[in-house]
Every structure is written in structure tokens, then in C-alpha cells.
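This report goes through one structure part by part, beginning with an enclosed space and ending with the nonpolar cores. Keep the view open while reading.

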Amino acid sequence: MEGNPVDRSLAVERVLRGVQPHALLDGLRAALSEHFGAGTVELLMADYSLTELRRVTVLPYTTEPMPVADTAAGEAFTSQSATFEPDGDGIRANLPVTVRGDRLGVLVVTLPEEPEPPVWAELGRFAEALGHEVFVADRDTDLYVQARRSSRLTLAAEMQWQLLPGRACSRPEFALGGQLEPAYAIYGDCFDWSASARTLAVTLVNGMGEGSSAALLTNLAVNALRNARRAGIPLDAQAELADQAIYAQHRGQEHVATLLLEFDLATGGITAVDAGSPRLWRLRDGKAERVHFDEQLPLGTFEDTSYTAETLQALPGDRFVFVSDGVYNAAGPHGELYGDRELTQAILATTDLPAAHVPSAVLTELHDRRDGGLAADDAMVVCLDWFGSNPSADRESDIASALTDDTKI
């Protein structure tokens, strides 16, 4: 590990940017061996259910997965901080690989001796850089997508996972996390989000039906809503345009239950349109309660439906948990529904977990409640932690508008 640390870091990052997408790990392995004397260099990807870490290999499914629970690598993934363990005469580092809060996996590096803390920090930056490169590489290679799978996805699940914006996202104002189950056979449930300088849009979708037909319906709904959102129109008009698109395709025979929200990052104000079954719980000052909206028709039910937006206020420290009917209507071993009381208890039990961990914890509790039995419906949980408004969002938005105005011809 001799040489100028700056030159060494630049050399490693240059390798990551220069290799072919499928060769990221080979390039990083060679660079870390040359500049740090690293032995083993492995990338473990989290599977779709977030219960296993799977090695990236040229031939997928050829190595045994590592459980997230009760392993040093799993602890690094869960805690989002490096863990270390002896490895023969050297030391093994497990470094979280994350992109803007979205947990992808763990980079495992073994070194012949324990280095100084600045070197660990350097390796941590390489893990972060690797995450960004993997995120981009997914456009051009299936290598990392295949590594995420412990079994084959159904066609519907393939469509749904490709539709998601990610499974987590964080900024100074908020942190988001979402999960779908059964992870390898999801069909109609989906979530979407998008943040700009001033707003955060969150969409919860539950397309009716089963299998690929439900996934196709959800794909139409999500893309219709994205198209309307990107046109810059108000939330109620977004719902109306998506409603028209779905009705035009299915003539009211199929519909999509949807909850649309838009957070003003400068004030914490929330605009919402409730068009169906996804529900919202709020945890504030240690008390969890359901937030009720005026329920309106699911998208695509009738032609030219009008929608009305409502408003509420987010306060610093608020936690919002969104769930689909596959959660609150889940039946227990004796036929009893999960219901509001059980959901409230689950939300309170996960108070100390970060937003990215809450969905999996709630869904695991739901799975245990069913005694491990098969679900009658797919299920979605999304958690949003609101840290506080960002008054500078107004200024950033004004600057962006001014720059846009100045460049108009």
C-alpha cells in the first residue's frame, strides 16, 4: 500500500470507469491487488427478497449464497457500515455497496494486514464507486441482475422489478424504502418515486388481477402517471390523464387502485389523491395511526372521472408507512384479517429501524403471522421518514427556473 494515496485512488477509480460493464469486478480486483496487496475481492449482491447475499460470478447460480442474518457481510449490509473479521494471517473487510441509499450488496476485500483507518475509508469510497458503476452497467449486461436471484422470477415479477425506481432513496429531507412480496412472484403491486429540487412524488399502485395481466395493467398505469408527472401538471390532473389512458385500453373492465402524493421539500406540505386501496399510516410522537383520505374511484373505472386533491402537513420526525391490500387484508391461520390493529403494532415495533429496513420487517412479521403459508395476494410496503423541510429548495428551484428562462430563445 505504498505510494501517494491520491494517485492510488485515482488509478483505481480510473480502472472502474474504463473496463467493460461485465468486467467491473475483474478490473477492481486487479487494481486492489496492485495498489493495496488485496487477496480476495468479491461482490455479493442482495437477492430480491433481501434475505441472501449472492456472489457475482461469470456463471450465475454456481456458488452457495450467504444469509444476511448472522453473518459479518450481512451485518455490513444491514447496518450500512463496514465490518471486519480475521482471515488467516490477514483481515477481511465487508464494505456496503450503496447508491444514494439504495442497498445493492457488499464488497468483500481481504488484506494481508490491518491497514490504517484512512485506507479503510478509501476502500469504502471504492465500494461506493463500484455501486454507481453497477447501477449504470445494468443497462448493458445481465451479470449483476442474475446474481440477485436465488430462483427464477415469474414473468410478472420480471416486469414489476424492472419498473421500480429502486428499493431505497435518501436525501437530507427524507429517506425512502420499499419492498414487494412474494419477491419472486409479485404481479400487481408497485411503487414509484421521483425527487426534484423542490418536490418529492410518491406513487403506490395496485393493479387488479393476477400474473402477467396484472403486471401489464400496472405497467400501463405507472407509465401513464410518469408521463403526466413529467408534463409538469398538478396531481389531480395526473390522476385524470392516467385514468383516461387506462379506461381507453380496458373500457372499465380493469382498474388500478392508486395513492398519489407530492411532498413540498421547502415546506413539508403534502398534496394527495386517493384513488383506491393503498393505505397510509403515520407515526408521530410515538403514536401510529391511519391517515384517512376521501376515497375516490380507482383509475380506469369510468370514462372522464374527475379527481380532487387533499392536503396535509409533514412534521420533522414523521414516519409514513404505505401498504397495499395484500398486507392489511392478509388472513391469519384462523382466517382473521391482519387489520389496522396489527399494522399499528408492526409499525410501532419497527420504530428504531431506518426506513429502508422497515418494509422487509413488516412483511416478515406478516409472513410469520401466516405461519409461513402462501399469500393469497401480493403485498407492498413503503416507508418514508420525513426529517424536515429544506427552505433552500425554494431558492434552488428559483435558480433553476432563472437558468431555464435565460437559456430560452
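In this predicted model, the largest cavity has a volume of about 70 Å³. A search of the whole structure finds 3 cavities of 30 Å³ or more. S2 and helix H5 (143-147) are the elements that give two or more residues to the lining of the largest cavity. H5 gives the most, with 3 residues. Among the residues that line the largest cavity are Arg54, Arg55, Leu143, Gln146 and Ala147. Pro60, Tyr61, Thr62 and Thr63 also belong to that lining. By class, the lining of the largest cavity divides into 5 nonpolar, 4 polar and 3 charged residues.

The second largest pocket has a volume of about 510 Å³. Of the 16 residues that line the second largest pocket, Asp138, Arg148, Trp161, Leu164 and Gly166 are the closest to its centre. Two elements, S6 and helix H6 (155-163), give two or more residues to this lining. The largest share, 3 residues, comes from S6. The lining of the second largest pocket has 8 nonpolar, 2 polar and 6 charged residues.

Strand S2, from the cavity lining, and strand S6, from the pocket lining, are both part of an open sheet of 6 strands. What is the order of the strands in this sheet? The order is S3-S2-S1-S6-S5-S4, with antiparallel pairing. Strand S3 (66-67) and strand S4 (83-87) stand at the edges and have a single partner strand each, so one side of each is left without a neighbour in the sheet.

Three of the strand pairs are listed below.

| Strand pair | Bridges | Direction | Facing residues |
|---|---|---|---|
| S1 (residues 41-46) and S6 (residues 102-111) | 5 bridges | antiparallel | Leu43 and Leu107 |
| S1 and S2 (residues 52-55) | 3 bridges | antiparallel | Ala46 and Leu53 |
| S2 and S3 | 2 bridges | antiparallel | Leu53 and Met66 |

Leu53 of S2 thus appears in two rows: Leu53 stands opposite Ala46, and Leu53 also stands opposite Met66 in S3. S1 and S2 form a hairpin with 5 residues between them. In the turn of this hairpin, Leu50 has a positive phi of about 60°.

Why is strand S1 described as largely enclosed by the rest of the structure? Of the 6 residues of S1, 5 are buried, so S1 is largely enclosed by the rest of the structure. Here buried means under 20% relative accessible area.

Helix H10 (residues 339-349) also has buried residues: Gly339, Glu342, Leu343, Thr344, Ala346 and Ile347. An α-helix has 3.6 residues a turn, so residues three or four places apart point the same way. What covers the buried residues of H10? The cover includes strand S13 (279-284), strand S14 (287-291) and strand S16 (319-323). Helix H9 (325-328) and helix H11 (358-369) are also part of that cover.

The last topic is the nonpolar cores. The largest nonpolar core has 53 residues, of which Phe263 and Leu384 touch the most other members. Leaving aside neighbours within four places in sequence, Phe263 is in contact with residues including Arg198, Thr199, Leu200, Val202 and Gly269. Ile270, Ala314, Phe320, Leu384 and Trp386 are also in contact with Phe263. A second, separate core has 34 residues, including Ile91, Leu111, Trp120 and Val134.

Terms used: Residues numbered from 1 in each chain as written. Predicted model: local features only at pLDDT ≥ 70, side-chain atom pairs only at ≥ 80, totals over all residues. Heavy atoms only, no water. Core = buried A, V, L, I, M, F, W, Y, C linked by side-chain atoms within 4.5 Å. Buried < 20%, exposed > 50% of the residue type's maximum accessible area, 1.4 Å probe, protein only. Contact = heavy atoms within 4.5 Å. Helix = DSSP H or I, 4+ residues; strand = E, 2+ residues; numbered from the N terminus. Pairing = 2+ DSSP bridges. 1 Å grid on protein atoms, 1.4 Å probe; cavity = no way out; pocket = protein on both sides within 12 Å on 5 of 7 lines; lining within 4 Å. Points joined across faces, edges and corners; volume = space filled by probe spheres on them. Nonpolar A, V, L, I, M, F, W, Y, C, P; charged D, E, K, R; others polar.
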